[in-house]
Amino acid sequence: MEALPEAKTADNLFVGGRVVLPGFVDSHTHLVHAASRAEEYELKIAGASYEEIARKGGGILNSVKRVRAATSEALKKRALSALREFAANGTTTLEAKSGYGLDVTSELKILNLHQELLREQPLEIVSTFLGAHVVPTEYRGTPGGPQRYVSMLIHRLIPEVAERKLAEFCDVFCDRGAFSREQSKRILQAGRQWGMLPRLHAEQLSRTGAAQLAVQLKAASCDHLEKVNKSDIQALAKSDTVATLLPGCDFHLGLKEYAPARALIDAGAIVSLATDYNPGTSPTLSMPMILSLACAQLRMTPAEAIAAATINAAYALRREKSIGSLEVGKQADMAVFEVADYREIPYYFGWSHCWMTVKRGRVIHAAEQAPI
Ligand SMILES: [Zn+2]
C-alpha cells in the first residue's frame, strides 16, 4: 500500500487494541419523519395494541399527518441529526423508506429528501418507495377507496417515482389493517415493471402468506417475520430472499414473540438484522443495541448477529459487491469499537462503544478522548 501514489497524502489511523468491523448496513429504516410518537408510548405500556392505537387516529396515520404538514427543511434537519447518530453507532449505509406521505406531493417530498441527504452527507442512503404503507385517511370509509388508492399507486405514483429515479426498491406493508397479499402482488409487480426491486413488510401482526409471496416475486428481502410458519421458513431457506429481522420492534412494543431466528438460520435462510428506525414501533438507530437483542432474544451468536448486520444486510440491499465486509476491492467502510473482543459489542447493551466510523476511507465519526 505504501507504494500507491495516494498513500503519500493518506493519514495513518492508529486503532491499536480495538476491534475493527465492516460498517453496519441498516437495511430497514423509516429515516424521514416529522416527530416522535412519545404520546402513544404510555398507551402502549398500559396495554393498548398497535392496531388499537391506529384505530384511534394514532399510529402510521399520525405520522402521515405530521409529515404532510412539515416543511422539507424541518424534515431534513431531523433526518440529518439522526444520520449523525447512525454514524456514531457504526452504521455506514442505510436504507430509507418513504411511506409517511401517502399522497403524490408528500411521497415525492420524502423521496427527494433521500436524494438530497445522499448528496450532502457521507452516509450512503438506499431509497425505497413505500407508498403502500397503509391506506391514507382520504381513501378510507368509502366503498372501493382502498382499491382506488392501490390504482393511484400503480398508475400515477410508481411511474412518477421511477421516471424521476427516486427509489431503487418498492416495498409494501402486507398485513392485517394494511394491504392484502393480492394488492401487494399487484403493487410490487408494477414496481418491478418500472425497475424497482420488491421488498416486503411481512408476517408481523398476522400471517398473511407475504413471506411466500416475497419468495415467489424474488424479492430482495422480506422483513419482520414474527408470525412465519414452518413452510414459510422452508421457502425462505431455499430462496435468495433475505429474511430481515427487526427485534427492536418487539422490544419497544413489549411483545414476547420474536421472529424465529434460530429456525431460519438452521434451515439455511439468509438472515439479516436492521433497526427499523421509526417513530411508532422502533425508535432506535443503534445497530449495537439490535445486536444485543439478537443475541439475548433471538438466540443468535455474536458472530451470526454481526454477519447479519453487515454482509447479509448488504446482500439485502443488493450491494454485497461494494460493502458489508472488509475485502480488497470493496469500499473502506469500517466501524472501530473500544472493546477487547468482538463479543463485547452485543454483551454491553444500551451504550455505544463505537470509537470511530470510516466511510469510503474517510473518518466520519471519532469519539472524543475523555479527559482523565
Ligand atoms: Zn418498517
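The following exchange concerns helix packing and enclosed space in a predicted model.

Reader: Why is the packing of α4 and α5 called oblique?

Author: Helix α4 (residues 72-88) and helix α5 (residues 104-120) pack at an angle of about 50 degrees, and their axes are 11 Å apart. Angles under 35 degrees count as roughly parallel, and those from 65 to 115 as roughly perpendicular. The angle of about 50 degrees lies in neither range, so α4 is oblique to α5. The crossing of α4 past α5 is right-handed.

Reader: What makes the contact between α4 and α5?

Author: Contact means heavy atoms within 4.5 Å. From α4, Ser-72, Leu-75, Lys-76, Ala-79, Leu-80 and Leu-83 take part; they meet Lys-109, Leu-113, Glu-116, Leu-117 and Glu-120 of α5. By class, this contact has six nonpolar, one polar and four charged residues.

Reader: Why is the space lined by Tyr-50 and His-133 called a cavity?

Author: In a cavity, a 1.4 Å probe fits but cannot get out. One cavity of 30 Å³ or more is counted, and the largest cavity holds about 110 Å³ of space. Its lining comprises 16 residues, with Tyr-50, His-133, Asp-276, Asn-278 and Thr-281 nearest the centre. Five of the lining residues are nonpolar, nine polar and two charged.

Reader: What makes up the lining of the largest pocket?

Author: A pocket, by contrast, is an open set of points. The largest pocket has about 900 Å³ of space and is lined by 21 residues, with Met-1, Ala-10, Asp-11, Asn-12 and Gly-361 nearest its centre. Strands β10 (334-337), β11 (354-359) and β12 (362-366) each give two or more residues to this lining, which has 13 nonpolar, three polar and five charged residues.

Key
Residues are numbered from 1 along each chain as its sequence is written. This is a predicted model: local features need pLDDT of at least 70, side-chain atom pairs count only at pLDDT 80 or more; totals for chains, interfaces and linings use all residues. Side-chain values use heavy atoms; hydrogens and water are left out. On a 1 Å grid over the protein atoms alone, a cavity is a set of points where a 1.4 Å probe fits but cannot get out, and a pocket is an open set with protein on both sides within 12 Å along at least five of seven lines; lining residues have an atom within 4 Å of a point. Grid points are joined across faces, edges and corners, and a volume is the space filled by probe spheres set on the points. Helices (H or I, at least four residues) and strands (E, at least two) are DSSP runs, numbered from the N terminus. Ala, Val, Leu, Ile, Met, Phe, Trp, Tyr, Cys and Pro count as nonpolar, Asp, Glu, Lys and Arg as charged, and the others, Gly among them, as polar. Axes are lines fitted to C-alpha atoms, for helices over the stretch in contact, and angles run from 0 to 180 degrees between N-to-C directions. Angles under 35 degrees count as roughly parallel, over 145 as roughly antiparallel, 65 to 115 as roughly perpendicular and the rest as oblique. A crossing is left-handed if the near helix is turned anticlockwise from the far one by less than a right angle, and right-handed if clockwise.
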